[in-house]
Amino acid sequence: MTTRSQPTFDLSGNPKRLRRETRVKVLFMLAGFTSIAISALIVVSLVGEAWTFISQVDVSELFTLGWFPRRGLFDIPTLLIATFIIAGIGMLVAVPLGLGGAAYLSEYASPRARHWMKPALEVLAGIPSVVLGFWALSFISPQIVQRAFSSAKPFTMLAAGLGVGVLITPLVATVSEDAMRAVPVDLREASYGLGANKSTTVRKVVFPASISGVVASMILALSRAIGETMIVFMAAGAVGGALRTWNPLDPGQTMTAAVASLATGSDQVAGEGLAFQSLFFVGLLLFLITLVLNWFSNRIVRKYREAY
Amino acid sequence: MTSATDRKRKATSEEVARAIRRGGVDWRPFAFQALLFVMLLASFAILIILLVDIVASALPTLGDRGFGFVTDGLSLNPETAGVWTAIIGSLVIALIVAIVAFPIGIGAAIYLEEYAPDSKVTRMLDTTVRNLAGVPSIVYGLLGLAIFVPVVRMIGLGGSTGGKNVIAAGITMAALVLPIVIITSAEAIRAVPRSIREAGFGVGATQWEVIRSHVVPSALPGILTGTVLTLARAFGETAPLLVIGVATGYFAPPGDASLLDNLTGAYTALPVVVFSWSRQTQAEFADTLAPAAIVVLLVVLFILNGFAVWLRNRTEHKW
């Protein structure tokens, strides 16, 4: 190329085409920021009514015998205790089953077995919570809980907790399995090279190496268990309200169930006095608790991604 | 010091003794493997017991009435109650979700993956989407109750329900699934190799032209699979609908009212019917009609999931 005189091109492009580019970009940007708008709306709607509740309610009403919002008894500990018990029972079911299943799938199962076992777990994960709620009430409660404890009523926190455990087991299993598979083969081979057998390798090498992912899966599952509504609402009973109790064989009401039952009462959400506002206060608590748990879990996942 | 060596020697001698006695097979690794396998099997056993129990309870209704159960509307009489009204409600909600959440969600994913600069704002956007995906569904119900129901009423679509209708339900559900649509679509778009885009830029295409003609078509299988799975999620959600005033009891079928009256009137959805039947006083509803409705719901979900898998296998790209 020796010619010095170049023919002149208009490199700024067709103005019409450029204008369209800008328009399209702005459209996508708007779509991108919708999620910020939804977050803002959630916070605004929750905080607004929750503030009305907190500023008008008598503090003594927040610590009474139980949660009976239509009668002006807003015992927050009742809801927190029930949430804690049911989520705890759920975790007692889901952690051993989920971790054991994950370890087997990741370390022992042949590729062919994995090929159909993992989708089967995903089927379990895809079962709507209302179905598990129905099943907790119609099967777990009479066939398991009432057989084991003859004094148990049809509605118990134990039955709801077991149902929640079934719901979150696949979550623990799939996320932990991903974490275990992400452990490099080199580590396993190093372990075998030192003469360790498979079970030692799984327990002493793979499991510790994947611990952050495993913990993240548990926190995620805990957050799901706390946010789960239908199973608890249908199987733990106490639709109008609940007394404060630590006994898993009693009916109970979690934060989510409290919101759902207030909202489905015969007169919808138009209960006594501050009942409507209390919905949003409980919702805000729930929102904050799950937000912290999810943030924590995301942080752990990000950290462990950097490790390998 | 000495005790540690002693323990070691003891263990070794024990092993030697065992080796001499029985050929020396250590059963513990096998026990461990068996334990893990049993735990995995337990999950599958639960799934199978659940399905068998529910199908067995549903058989009296489904066996007697067959497809009639699907095509009959709501009724107070357990002999004639069916899920048609609920199927229509669920379908309309799914349609609104598809209209509202899919364009916005896919658009947001395109923005995040193709346009957004690597800045603090973008990272905040990313975190927001992830956090939204973890918000309990019932909180979305509260959002709908506080914002969407009044807005629907304000724009004149309140109808006889004062905004507690299927339109508000569809918008609430759309907000609920939006983060999932964004995350799955963004993953699909991220999987499109850089070279595909560069080919487009190389022949002089603008960014939008590259997205339209290269990125989106290449990412489409992933996007479609994700969106179909999102629909399945919207079909199964119950809690937010309860909060925003879905009908949990019987209501008169709309008959030959106008389309607008139907859209703004009372409504119900498949999972809501499962819930409301399970607490009816007449035993038939909880004993066999609710399980039958569950079977219908699971069949719908199964079809949607199967469709998603089929779509993925059929249109999957290998780079």
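Here's a quick briefing on the two chains, their interface and a few helix packings and residues to look at. Keep in mind that this is a predicted model. Chain A and chain B touch each other through 67 residues on the A side and 65 on the B side. Chain A splits into two domains, while chain B has 13 helices and 0 strands.

**Where the chains meet**

- The interface brings 67 residues of chain A into contact with 65 residues of chain B.
- On the chain A side, helix α1 (residues 15-56) gives the largest share, with 20 residues.
- Sorted by class, that side of chain A has 40 nonpolar, 21 polar and 6 charged residues.
- One helix pair that spans the two chains is α3 (residues 111-125) of chain A with α2 (residues 28-65) of chain B, whose axes sit 10 Å apart at an angle of about 50°.
- An angle in that range makes α3(A) oblique to α2(B).
- The handedness of this α3(A)–α2(B) crossing is left-handed.
- From α3(A), the contact uses Ala120(A), Leu121(A), Val123(A) and Leu124(A), and from α2(B) it uses Ser43(B), Phe44(B) and Leu47(B).
- Those α3(A)–α2(B) contact residues come out as 6 nonpolar and 1 polar, with no charged ones.

**Domains of chain A**

- Domain 1 of chain A covers 15-56, and domain 2 covers 60-307.
- Taken over C-alpha atoms, the centres of these two domains of chain A are 31 Å apart.
- Contact between them involves 9 residues of domain 1 and 8 residues of domain 2.
- On the domain 1 side of that contact, the split is 6 nonpolar, 2 polar and 1 charged.

**Helix packing inside chain A**

- Helices α2 (residues 76-108) and α5 (residues 157-181) of chain A have axes that come within 5 Å and cross at roughly 35°.
- The α2(A)–α5(A) crossing is right-handed.
- Residues in the contact of α2(A) with α5(A) break down as 24 nonpolar, 8 polar and 3 charged.

**Two residues to click on in chain A**

- Ala221(A) belongs to helix α8 (residues 211-227) of chain A.
- Is Ala221(A) buried or exposed? Ala221(A) counts as buried because it has 29 C-beta neighbours inside 10 Å.
- Leaving out residues up to four places away in sequence, Ala221(A) touches Met91(A), Ala94(A), Ile168(A), Leu171(A) and Val172(A).
- Ala221(A) and Gly98(A) are 123 residues apart in sequence, yet their C-alpha atoms are 10 Å apart in space.
- Val185(A) sits in helix α6 (residues 185-193) of chain A.
- Val185(A) has 8 C-beta neighbours inside 10 Å, so it counts as exposed.
- Between the C-alpha atoms of Val185(A) and Val206(A) there are 9.5 Å, with their positions 21 residues apart along the chain.

**Chain B as a whole**

- Chain B has 13 helices and 0 strands, and its pattern along the sequence reads α-α-α-α-α-α-α-α-α-α-α-α-α.
- Of the 319 residues in chain B, 44% are buried.
- Among contacts in chain B with a separation of 6 or more, 75% link residues 24 or more positions apart.

**Helices to check in chain B**

- Helix α12 (residues 270-278) of chain B is largely enclosed by the rest of the structure, because 9 of its 9 residues are buried.
- The buried residues of α12(B) are Leu270(B), Pro271(B), Val272(B), Val273(B), Val274(B), Phe275(B), Ser276(B), Trp277(B) and Ser278(B).
- Helix α4 (residues 84-115) and helix α9 (residues 207-236) of chain B have axes that come within 9 Å and cross at roughly 140°.
- That angle puts α4(B) and α9(B) oblique to each other, and the crossing is right-handed.
- On the α4(B) side, the residues in this contact include Ser90(B), Ile93(B), Phe102(B) and Glu114(B).
- On the α9(B) side, they include Gln207(B), Ile211(B), Thr227(B) and Phe235(B).
- Overall, the α4(B)–α9(B) contact has 13 nonpolar, 3 polar and 1 charged residues.

Methods: Residues are numbered from 1 along each chain as its sequence is written. Chains are lettered from A and ligands numbered from 1 in the order in which they are written. This is a predicted model: local features need pLDDT of at least 70, side-chain atom pairs count only at pLDDT 80 or more; totals for chains, interfaces and linings use all residues. Axes are lines fitted to C-alpha atoms, for helices over the stretch in contact, and angles run from 0 to 180 degrees between N-to-C directions. Helices (H or I, at least four residues) and strands (E, at least two) are DSSP runs, numbered from the N terminus. Angles under 35 degrees count as roughly parallel, over 145 as roughly antiparallel, 65 to 115 as roughly perpendicular and the rest as oblique. A crossing is left-handed if the near helix is turned anticlockwise from the far one by less than a right angle, and right-handed if clockwise. Two residues are in contact if their C-beta atoms, placed from the backbone, lie within 7 Å. Ala, Val, Leu, Ile, Met, Phe, Trp, Tyr, Cys and Pro count as nonpolar, Asp, Glu, Lys and Arg as charged, and the others, Gly among them, as polar. Domain bounds come from an automatic or database domain assignment. A residue is buried if 20 or more other C-beta atoms lie within 10 Å of its own, exposed if 12 or fewer, and partly exposed in between; C-beta atoms are placed from the backbone.
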